[in-house]
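Hi everyone, thanks for making time. I'd like to walk you through a couple of strands and the sheet that caught my eye.

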Amino acid sequence: MRLALSLVPLAVLLSSQSAAFAAAPRIVKGPYVTAVSDTTADVRLELDAPAAVTLQVVRERAPATLRKVVDGASSTMHVVHLTGLDAGKPYIAGVSVGPAQGPVVAEVAFRTSVPADPNAGTHFIVYGDDRSDQETHAGVARLMGMIPSDFLVNTGDIVADGASSSDWQSFFDVEAPLLREHPLFLCIGNHELYDDEAGANFARYFGFAGPGGAPRPYGTERMGDVRFFFLNGMHDWSSGEERDWLEHELTHADGEPGLVWRIVVVHHGPWSSGPHGPNKRLVEAHIPDLLAAHKVDLVLSGHDHIYERGDASGLKYLISGGGGAPVYKLGTPTPTTRKAESSYHFVEVTTTANDLRIVAHRADGSILERCGFAKDKPWDCDTAPAAPRPTGAATQPPADPPAPSKSTSRCSVAAAGASGPRGAHGLGALVFPGILAAVLGFALARRRRG
């Protein structure tokens, strides 16, 4: 009888432990890496229930560097700041849930930058406007993953509705394979602000550290020989905190050791031949003049769901808005346009101490164009600055977006092509005729990584 009495509490204890183990919080977003420098990195992840997390961080092929980093806060969202890393080295961070060093349930890989060496160069991929169509977004993301690159730069609008938890989850579900191996840097778009005017979800997942560590929707990152400036283009720029910050950061970058390239990333840029047209907020506030005065080399943007390459009085720009959302018809070409196309795509960028090269990839695996420029020189692939012929009927630019609300939270621009949510370049175009190029690219990527 005594034996039976002693076994009952033990059975209850084992049952409760099994239930607790089965109900352990799981990772629903990430892990993914942001804010990488030569010696630091931020690893972010979200759980489905509050808990602490532990990171086991090791430099690849250097087991002696293994160390444990604990974020003991019982929270669903974790941003773990890693310090004391070696410059230019590959790392793997394994994540376990709980304050103890339990089993690793997810991993993320990244490489720290080498900002002091202007000869190190960088290799990254630019894309954007991947909201609304998860299937097409996934097709573009798969091809991106076949191209060796150090990190990703997104021009914004990764969700249709900034307040929608399902939209954010869809983004992370689609990009999980990419984010396991590539840090992601992102500027805020107008759709991240729909129904979330303060940008709380953007700040949660991608916010840049401001004074005191509080997240904000703009910031700057140094990767190799490049300094990026990520801006919020969706507000008045005539004055204010962000303009003051930008002037200060551009001035600081003027004399930054080892810096070769200055690149601005803003969702709605100052120039476009697409239906949205130029960002009047930036133009009327003379932001292009400010960028030119500080020798900014390139402006990356999205908003119009097209590819466009241009030159505005020496300020070169790329529009990459073909990441998944329905593509737009091209509007009337502008004098700044050098190449434009309505298609799903992404752009591969490589920098060296002397030049910047781009390869624009269509989502069917074919090459849209190859181009580049030397420092302070024009695009080298243009025979003449003639504007391109529109691929579709011109579309009138929409009015400035209204204040966020449930009833006015979508862009009022027609997609290009035939009827259907994906237009003329939908998912069917992601397979042929470029499948051979995709397979060859995949093999080359694996060979380089190996």
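Strand E15, residues 307-312, pairs with E16 in the antiparallel sense over six bridges; pairing takes at least two bridges between two strands, as found by DSSP. Strands here are DSSP E runs of at least two residues and helices are H or I runs of at least four, numbered from the N terminus. This is a predicted model, where local features need pLDDT of at least 70, side-chain atom pairs count only at pLDDT 80 or more, and totals for chains, interfaces and linings use all residues. Residues count from 1 along each chain as its sequence is written, and side-chain values use heavy atoms, leaving out hydrogens and water.

Back to that pair: Tyr 307 has Ser 320 as its bridge partner in E16. The two strands make a hairpin with two residues in between, and Ser 313 in the turn has a positive phi of about 55°. On E16 there's also strand E14, residues 298-301, running parallel and joined by four bridges, with Val 299 partnered to Tyr 317.

So how buried is E16, residues 315-320? Six of its six residues are buried (under 20% relative accessible area, 1.4 Å probe, protein chains only), so the strand is largely enclosed by the rest of the structure. Leu 315, Tyr 317 and Ile 319 cover one side, with Lys 316, Leu 318 and Ser 320 on the other.

Now, the sheet. Six strands form an open, mixed one, ordered E8-E7-E6-E18-E19-E20. Its edges are E8 (184-186) and E20 (367-374), each pairing on one side only.

Key: Buried means under 20% relative accessible area, exposed over 50%, partly exposed in between (1.4 Å probe, protein chains only).
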